[in-house]
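User: I have a structure open and would like to talk it through with you, one question at a time. Could you keep the reasoning short and finish each reply on what I asked for?

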Amino acid sequence: NKLIIVNEAGEQVPYQLVYGGQEMPQEVIFPVTMKVGGKSIYTFKYGEPQPFAPKTFGRSVPERKDDFAWENDRIAFRMYGPALAPENPSNGVDIWLKKTEELIVDKFYSDELERKLSYHVDRGLGLDCYKVAHTLGAGGIAPYIDTTLFVGGNYTSARLLETGALRTSFELTYDSVPASGKILTQKLVVTLDAGSQLNKAEVSYDGDFETMQLAGGIWLHKEIGNMHVNKESGYIAYGEKATSDAGLDAGRDYIGVLFPDAVKEVKQQDEHLLLIADYKKGDQFTYYFGAGWNQWGFDSDEAWFKYMENYAEKLKKGLTVTVLK
């Protein structure tokens with residue numbers, strides 16, 4: 001409680017102790033501003049931390065059919081749980097479009113459930129106008145075997161690993177993943193940091209197989225929008241017309257999926273745009289998925305495509321971190 005981190009100007013920067021589901025902190029994270037080829041020094045020392053408004057949040061939502069919802073200062077997401085099973089949900093990703101740095105998940109749910117004010121209507125903060133149905137939605141992942149995409153169902157259990165000022169992370173398990181006549185289990189750990197449009201996802205599968213392929217994808221909806229593919233950089237990006245439940249124009253929403261390692265194939269299939277990669281039993285497969293809105297930071301499809309390109313480039317180059325004592 002007495003740790004502070006300061007930049008070279010002596011100003012405090014926000015930080016978060018990351019527990020990773022453990023009792024003791026495993027990491028400390030803080031935002032860094034860097035120019036390409038530059039250097040910055042941050043100092044850890046004892047002091048009285050300044051209060052910083054939290055920029056991420058996530059939780060299970062049992063009052064809304066076991067949704068798991070999470071957000072940062074840019075965008076919000078949810079995935080579907082056991083109570084929704086009678087409605088045949090998928091393991092696809094839903095997005096809530098935001099145009100505020102405020103955390104809106106709890107407000108949207110309480111407005112919907114207690115005040116009967118639908119989150120499908122934009123009341124100045126954003127809205128849910130994205131349809132998932134039984135698809136991968138905005139960046140879900142599934143087995144891809146013999147040219148067949150096996151979209152799964154709802155998660156079986158959820159565990160919040162942490163939620164705080166700068167990072168929210170959680171784990172979902174799926175006990176009944178279809179895969180060409182077999183039933184597999186899946187574990188998915190999702191991490192969203194403040195300021196990022198994309199989630200980091202770490203997925204692993206177990207069951208009666210040795211190797212298979214995985215497909216991460218974007219549902220194209222009936223009115224196909226603007227697709228952008230860069231196999232070499234490992235990403236697919238998409239811009240489409242966003243429409244509220246009342247049929248009102250909500251601008252354009254943007255989706256992206258990124259495989260940082262080798263992409264085997266990019267394919268348009270089953271109303272999806274897919275990235276396909278090889279997977280070996282027991283491995284942890286890391287990929288990224290996320291979304292944006294033209295009413296909050298992206299004034300054109302091209303701006304979103306450029307964001308995806310830059311994100312891929314940053315992952316490849318990264319930062320060199322040296323600890324000086």
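User: Is Trp304 buried or exposed, and at what relative accessibility?

Analyst: Happy to help, and do keep in mind that this is a predicted model. The cut-off for buried is under 20% relative accessible area. Trp304 falls below that cut-off, so it counts as buried, with a relative accessibility of 0%.

User: Which kind of aromatic pair do Trp304 and Tyr307 form?

Analyst: Both residues sit in helix α2 (residues 301-317), and being 3 residues apart there, they are separated by about one helical turn. Their ring centres are 5.5 Å apart, with 15° between the planes. Planes under 30 degrees apart count as stacked, so the pair Trp304 and Tyr307 is stacked.

User: How many aromatic pairs does a search of the whole structure find?

Analyst: Good one to ask next. Ring pairs link Phe68, Trp70, Phe77, Phe170, Phe259, Phe285, Tyr287 and Phe289 into a cluster. Searching the whole structure gives a total of 24 aromatic pairs.

User: What is the angle between the planes of Phe30 and Phe44?

Analyst: Phe30 and Phe44 form an aromatic pair with 5.7 Å from centre to centre. Planes over 60 degrees apart count as edge-to-face, and that is how this pair is classed, its angle being 80°.

User: How many residues apart in sequence are the parts that this pair, Phe30 and Phe44, ties together?

Analyst: Phe30 is in the loop between β3 (27-29) and β4 (43-46), whereas Phe44 belongs to strand β4 itself. Phe30 is partly exposed at 24% relative accessible area, and Phe44 is partly exposed at 40%. Because one ring is in the loop and the other in the strand, the pair ties together parts whose separation in sequence is 14 residues.

User: Let's move to Glu240. Which side chain of opposite charge is nearest to Glu240?

Analyst: Glu240 is located in strand β18 (residues 235-243). Glu240 is buried yet has no salt bridge. A salt bridge needs a separation within 4 Å, and the nearest side chain of opposite charge is 7.7 Å away. That side chain belongs to Arg252.

User: Which residues does Glu240 touch, not counting those up to four places away in sequence?

Analyst: Leaving out residues up to four places away in sequence, Glu240 has contacts that include Arg252, the residue with the nearest opposite charge. The list also holds Tyr130, Leu220, His221, Gly225, Gly251 and Asp253.

User: Which residue takes a positive phi in the hairpin of β17 and β18?

Analyst: Strand β17 (residues 226-230) runs antiparallel to β18, and 5 bridges join them. One bridge partnership is that of Asn226 with Gly239 in β18. The hairpin has 4 residues between its strands, and the positive phi, near 90°, is taken by Gly234.

User: Which side chain has a polar contact with the side chain of Thr56?

Analyst: Thr56 is in strand β5 (residues 56-61), and Thr56 is buried, with a relative accessible area of 2%. A polar atom of the Thr56 side chain lies 2.6 Å from the backbone oxygen of Gly164. As for side chains, a polar contact of 2.9 Å joins Thr56 to Thr168.

User: Which strands are at the edges of the sheet that holds β5, β6, β7, β8 and β9?

Analyst: This open sheet of 5 strands follows the order β5-β6-β7-β8-β9, with antiparallel pairing. Within the sheet, 2 bridges join β8 (residues 94-98) to β9, and Lys98 has Gly126 as its bridge partner in β9. Edge strands pair on one side only, and here they are β5 and β9 (126-127).

User: How far apart in space are Ala76 and Asp283, C-alpha to C-alpha?

Analyst: Ala76 is in strand β7 (residues 76-79) and is buried at 0% relative accessible area. In sequence, Ala76 and Asp283 are 207 residues apart. In space, their C-alpha to C-alpha distance is 28 Å.

User: One last stop: which residue in β21 is the bridge partner of Ile218?

Analyst: An open sheet of 5 strands has the order β11-β10-β16-β21-β20, and the pairing is antiparallel. In that sheet, 9 bridges join β16 (residues 211-219) to β21 (residues 272-280). The partner of Ile218 in β21 is Leu273.

How values were computed
Residues are numbered from 1 along each chain as its sequence is written. This is a predicted model: local features need pLDDT of at least 70, side-chain atom pairs count only at pLDDT 80 or more; totals for chains, interfaces and linings use all residues. Side-chain values use heavy atoms; hydrogens and water are left out. Buried means under 20% relative accessible area, exposed over 50%, partly exposed in between (1.4 Å probe, protein chains only). Lys and Arg count as positive and Asp and Glu as negative; His and the chain ends are not counted. Contact means heavy atoms within 4.5 Å. Rings of Phe, Tyr and Trp (its six-membered ring) pair if their centres lie within 6.5 Å; planes under 30 degrees apart count as stacked, over 60 as edge-to-face and the rest as tilted. A polar contact is a pair of N or O atoms within 3.5 Å; within protein, one must be able to donate a hydrogen and the other to accept it, and residues adjacent in sequence count only if both atoms are side-chain atoms. Two strands pair if DSSP finds at least two bridges between them.
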